[in-house]
Amino acid sequence: MTQFGLLMFATDYAVDPQTLAQQAEMFGFESLFFPEHTHIPASRKSPWPGGKELPKEYWHTFDPFIALGMAASVTQNLKLGTGISLVTERDPILMAKQVATLDHLSNGRLVLGVGAGWNAEEMENHGTPFDKRWPILRERTLAMREIWRSEEAEFHGEFVDFEKIWSYPKPKQSGGPPILMGASSRFTYDRIAEYADGWMPIYQDHARRQASGGVDYAAGIANTREAWQARGRDGQPSFSIFGVGPDRRAVSELVELGFDRVLFALPSDSADVVLPLVEKYAAIAHEFSA
């Protein structure tokens, strides 16, 4: 059965994470996801993939792990997700600790959406060259998984290199939280099969996909499954999609395609604007969950 969740840029001017999380759980949503950007360089050299004008929430976001920690403190069952976390801008040993701590304290409710990012200047401020972002993401993710799984973890790569370390707590979820890949290039599917657990593309409506030659979701799901089998992975990959609007036809299409989690998009705005939308989305989700 398809699960339904919410995604919003949690910012210093929007409804607070605790209130949104409580409402999400009350209305029966499975999950709540927050994106992240540590900052946006004022040069604005990198074009935003979503259009000409970059919305201000991109440089007003809370740290997602702290915001999700606040959400965890006022809920019991709601899954807590990053959509997406920019691993290319984080130290892997510190991030492994943050992820493990949140998963441990929330009793195993974290879902880790990851990606390399699109803003070259932003990641370069963190010491990540744009042309090395994917190899760096790979090694940092693999290193974190080693830390979560091993009592004495060590990792030796080109970009991450450390001798045996002790790092606790371990995540409540054995081996760490599920990792979803937030990307859609032709390389994405093998990356998922190697070091992630599922695919999480951004939603584009049918007209936009036709006009821009956007992502073919059916092909993406098939390619992920094919790469998964080629790698000899056990079980099945998961499929989430984020940024969906209040469109019942779109939801029906995504459910039919095989997405097991649909994340509705909320604006980064006040409670007066956001909470009525939560209720509206809940009504749509109920139609497909009954």
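Colleague: Which residues of α3 are buried?

Modeller: This is a predicted model, in which local features need pLDDT of at least 70, side-chain atom pairs count only at pLDDT 80 or more, and totals for chains, interfaces and linings use all residues. Residues are numbered from 1 along each chain as its sequence is written, and side-chain values use heavy atoms, with hydrogens and water left out. Helices (H or I, at least four residues) and strands (E, at least two) are DSSP runs numbered from the N terminus, and buried means under 20% relative accessible area, exposed over 50%, partly exposed in between (1.4 Å probe, protein chains only). In α3, the buried residues are P92, M95, A96, V99, A100, L102 and D103.

Colleague: Seen down the axis of α3, within what arc do its buried residues fall?

Modeller: The arc is that of the directions from the helix axis to the C-beta atoms. The buried residues of α3 line one face of the helix because, seen down the axis, they fall within an arc of 165°.

Colleague: Against which elements do the buried residues of α3 pack?

Modeller: Contact means heavy atoms within 4.5 Å. The partners of the buried residues of α3 are two helices and two strands: α2 (64–73), α5 (133–149), β3 (79–86) and β4 (110–115).

Colleague: How far does α3 reach from its first C-alpha to its last?

Modeller: Helix α3 covers residues 92–105, which is 14 residues. The expected span is 1.5 Å times one less than the number of residues. For α3 that gives 20 Å, and the span from first C-alpha to last is close to it, at 20 Å.

Colleague: Which residue caps the N-terminal end of α3?

Modeller: A polar contact is a pair of N or O atoms within 3.5 Å; within protein, one must be able to donate a hydrogen and the other to accept it, and residues adjacent in sequence count only if both atoms are side-chain atoms. At this end of α3, the backbone nitrogen of I93 lies 3.1 Å from a side-chain oxygen of the cap, D91.

Colleague: Is S106 buried or exposed?

Modeller: S106 sits in the loop between α3 and β4. A polar atom of its side chain lies 2.8 Å from the backbone oxygen of L102. With a relative accessible area of 3%, S106 is buried.

Colleague: Leaving aside neighbours within four places in sequence, which residues is S106 in contact with?

Modeller: Neighbours within four places in sequence are set aside here. What remains in contact with S106 is A72 and L80.

Colleague: What is the phi of N107?

Modeller: N107 comes just after α3, in the loop between α3 and β4. N107 is exposed, with a relative accessible area of 57%. Most residues other than glycine have a negative phi. N107 is not a glycine, yet its phi is positive, near 65°.

Colleague: Where is R44 found?

Modeller: R44 is not a glycine, but has a positive phi of about 55°. R44 is partly exposed, with a relative accessible area of 29%. Its place is the loop between β2 (31–34) and α2.

Colleague: What is omega for the cis peptide bond that joins G83 and I84?

Modeller: Most peptide bonds are trans. I84 lies in strand β3. The bond from G83 to I84 is cis, with omega about 10°.

Colleague: Which element supplies the largest share of the lining of the largest pocket?

Modeller: On a 1 Å grid over the protein atoms alone, a pocket is an open set of points with protein on both sides within 12 Å along at least five of seven lines, and lining residues have an atom within 4 Å of a point. The largest pocket is lined by 41 residues, of which P49, Y58, W118, I202 and F242 lie nearest its centre. At least two lining residues each come from β3, α5, α6 (188–195) and β9 (238–244). The largest share, three residues, comes from β3.

Colleague: Which residues of α6 are buried?

Modeller: α6 is mostly covered, with six of its eight residues buried. What covers them includes α5, β7 (179–181), β8 (198–199) and α8 (217–230). The buried residues are T188, Y189, R191, I192, A193 and Y195.

Colleague: Leaving aside neighbours within four places in sequence, which residues is I165 in contact with?

Modeller: I165 is in strand β6. Its C-alpha is separated by 17 Å from that of V99, 66 residues apart along the chain. Sequence neighbours within four places aside, the contacts of I165 are I93, I147, E151, E152 and A153.

Technical notes: On a 1 Å grid over the protein atoms alone, a cavity is a set of points where a 1.4 Å probe fits but cannot get out, and a pocket is an open set with protein on both sides within 12 Å along at least five of seven lines; lining residues have an atom within 4 Å of a point.
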